[in-house]
Amino acid sequence: MAIKIYKSSDQGAPSLYGQAGQMITFLDAVLQNGYGSVNVSSITRSGATATVTTATPHGLTTGDSATIGGAAQADYNIDAVVTVLTATTFTYDVANSPTTPATGTITAKRSPVGYTKVFTGTNKAVYRCNDLSSNRHYLRILDDGGGTGGAQEARVFAYETMTGVDTGTNVFPTGAQSAYGYLWRKSNATDTAPKTWIVISDGKLIYFVVQHANTSLTMSNSESNFGAMFGDVISYKPGDVWATVLTGNTAQNSTPASNGMMASQNYISAPSSFTSSSIVLARNYTAVPGAQYVGLYGNGMSYTCLGATPIVSYPHAIDNGFYLSPVVITQGSPSVIRGRLPGAYECLHGRALNNLDIIENVQGLAGRKLMCLYGNSGVGNGCMMIDITGPWDS
């Protein structure tokens, strides 16, 4: 599946700021609806390649996914990875030789991640992945400003099943683990000043970072931000349908706070990760109902935050290489490696690259592009390298 990248700097991108309900407006656009719609002047086809000309600049770059809609010939109406030719033209692949040129009132927009908002209420919503091969657990957002952080953060829960916006079974984290779920930070102020953000997803797992106190995606080494993730991880146990992860702040109105996305252990069986954690899976590997605290382990030498400590020189003096560690998910009782984070690697060079820098053809990952993503664990600033080529589950 294509890896999709969303940024606050995109054309038509939704705003995220410290007001009740704004997290839901943001997630509606990114997860379900897409954004940046433009009118299409024409679509012509040569063989299996369709060329789209838009009436105004489309705002896409090569490798982005676009949703084409409104063509009378249904084969044109798909989500597709595009190759950009100019500010108003791009190409994509089509099947079945539809009539050329296309007819109809046609539009193009940035494709959504691929979720449906299955239940909704006042300042609350429930989303579910559309991919039938995923675990398809439910993400519930309560964005009513009712916590001690007010409108600056949303309260977030995951459920195995749900029948309504307030009704579900087997919540994770459980009420005993956190009565208010986890917290996803939107802003450091209750105002309408948009914050910068980035989302990276393969449709099954979402990595989400927001700079709640900054308006620039270019971060210095001293800056922190909020990061979270939700969705399927890659389990090492065959048929493990309970390996759905949710992370977030564990304390209300706290920034920076332990948010789980980059919280690193210094050894695989570190017990504190399994008694109180900002990272939880739907169930233990035994499939017994009940949320399971887990930890993240990369190289084990940067234990405050993934990618916080330069372990080796950059570039590596011996071979001019760029060194990474896969990020695995660990749990106790007994100590096991449950699986790994899809597409995520810890950088052994620390923050040697700038936020959002891209590096290609790393040894062992030929043909892949990796994006540097800054983050904070609550006790340290670090980074992860995210594979933006994919697929993650191969």
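Visitor: How many nonpolar residues are in the lining of the second largest cavity?
Guide: This is a predicted model, where local features need pLDDT of at least 70 and side-chain atom pairs count only at pLDDT 80 or more, while totals for chains, interfaces and linings use all residues. Residues are numbered from 1 along each chain as its sequence is written, and side-chain values use heavy atoms, with hydrogens and water left out. The second largest cavity is lined by Phe26, Leu27, Val30, Leu31, Trp184, Val199, Ile206 and Phe208. Its lining has no polar and no charged residues (Asp, Glu, Lys and Arg count as charged; Ala, Val, Leu, Ile, Met, Phe, Trp, Tyr, Cys and Pro as nonpolar; the others, Gly among them, as polar), and the nonpolar count is eight.

Visitor: Which element gives the most to that lining of the second largest cavity?
Guide: A cavity here is a set of points on a 1 Å grid over the protein atoms alone where a 1.4 Å probe fits but cannot get out, and lining residues have an atom within 4 Å of a point. Strand E16 (205-211) is one of the elements that supply at least two residues of this lining. The top contributor, with four residues, is H1.

Visitor: How many of the 12 residues of H1 are buried?
Guide: Helix H1 covers residues 22-33. Among its buried residues are Phe26, Leu27, Val30 and Leu31, and those four also line the second largest cavity. Buried means under 20% relative accessible area (1.4 Å probe, protein chains only), and in H1 the count is nine.

Visitor: Which residue with a positive phi follows H1?
Guide: Helices (H or I, at least four residues) and strands (E, at least two) are DSSP runs, numbered from the N terminus. Just after H1 there is a residue with phi near 75°, and that residue is glycine 34.

Visitor: How much space lies in the largest cavity?
Guide: Tyr115, Cys129 and His137 are among its lining residues, and strand E17 (residues 226-232) gives the most, with three residues. By class, this lining has three nonpolar, five polar and three charged residues. Taking volume as the space filled by probe spheres set on the grid points, which are joined across faces, edges and corners, the value is about 50 Å³.

Visitor: What is the relative accessible area of glutamine 152?
Guide: Glutamine 152 lies in the loop between strand E11 (138-142) and strand E12 (153-164). Beyond its neighbours within four places in sequence, glutamine 152 is in contact (heavy atoms within 4.5 Å) with residues including Gly18, Arg185 and Asn253. Glutamine 152 counts as buried because its relative accessible area is 14%.

Methods. Buried means under 20% relative accessible area, exposed over 50%, partly exposed in between (1.4 Å probe, protein chains only). On a 1 Å grid over the protein atoms alone, a cavity is a set of points where a 1.4 Å probe fits but cannot get out, and a pocket is an open set with protein on both sides within 12 Å along at least five of seven lines; lining residues have an atom within 4 Å of a point.
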